[in-house]
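Welcome! Here are some short exercises on a ligand and its surroundings, each with a worked solution.

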Amino acid sequence: MSISVVYWSGTGNTRAMAEAVAEGIVSAGAEADVKEVGNADPAALAAENAFALGCPSMGAEQLEESEMEPFVEALEPLVSGKTILLFGSYGWGDGEWMRDWAERMKNAGAVLIREEGIIANDAPDDEALGECRAAGKKLAEKA
Ligand SMILES: Cc1cc2nc3c(=O)[nH]c(=O)nc-3n(C[C@H](O)[C@H](O)[C@H](O)COP(=O)(O)O)c2cc1C
């Protein structure tokens, strides 16, 4: 079984989280397919029962607008009943982008592994990476 971890990352913080999520998936005995959102296809992703999506807070508490926002828009009508883990890094805000994103996916019918996703301030510390691994493992167990 392969579980996709699709992310956008400008400076590598969200990528580090994606890699930790993948470690958790692998620790549960599944295969992890980590890819940048530019290389991912929404319909193919939606064919999976469970997957992870990562994006930092960009714009003003928004998803990255050129790749991740259109990807999420295309995915929204396809995620009803899917189990999804959201994660991402932020800088100076309070996590508003993630609350909005989680709400959006729940409204689209997705079941979130963590109610408000996993957020890390700038580079993820050991605690945040541990949360990513644990959530990746849980995602694989639900897939
Ligand atoms: C153009 C731009 C806009 C940003 N907007 C926000 C924001 O609204 N709120 C926030 O908390 N951080 C914001 N940040 C900070 C990033 O979320 C933060 O640097 C994050 O660690 C980047 O993750 P990445 O390394 O995966 O790209 C912004 C950064 C950039 C470059």
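**Exercise 1: polar contacts**

Task: find which backbone and side-chain atoms of the protein make polar contacts with the ligand.

Solution. Start with Gly-12, which has a polar backbone atom 3.1 Å from an oxygen atom of the ligand. That is a polar contact, a pair of N or O atoms within 3.5 Å. Next, take Ser-9: an N or O atom of its side chain is 2.6 Å from a ligand oxygen. Then turn to Gly-59, where a backbone N or O atom lies 3.1 Å from a nitrogen atom of the ligand. The ligand alone exposes 650 Å², and the protein buries 79% of that (Shrake-Rupley method, 1.4 Å probe).

A word on the source: this is a predicted model, where local features need pLDDT of at least 70, side-chain atom pairs count only at pLDDT 80 or more, and totals for chains, interfaces and linings use all residues. Residues are numbered from 1 along each chain as its sequence is written, and side-chain values use heavy atoms, with hydrogens and water left out.

**Exercise 2: the shell**

Task: work out how many residues surround the ligand and how they divide.

Solution. Count the residues with a heavy atom within 4 Å of the ligand: there are 18, and Ser-9, Thr-11, Ser-57, Ser-89 and Gly-93 are the closest. Now sort them: five are nonpolar, 11 polar and two charged. Here Ala, Val, Leu, Ile, Met, Phe, Trp, Tyr, Cys and Pro count as nonpolar, Asp, Glu, Lys and Arg as charged, and the others, Gly among them, as polar.

How values were computed. A polar contact is a pair of N or O atoms within 3.5 Å; within protein, one must be able to donate a hydrogen and the other to accept it, and residues adjacent in sequence count only if both atoms are side-chain atoms.
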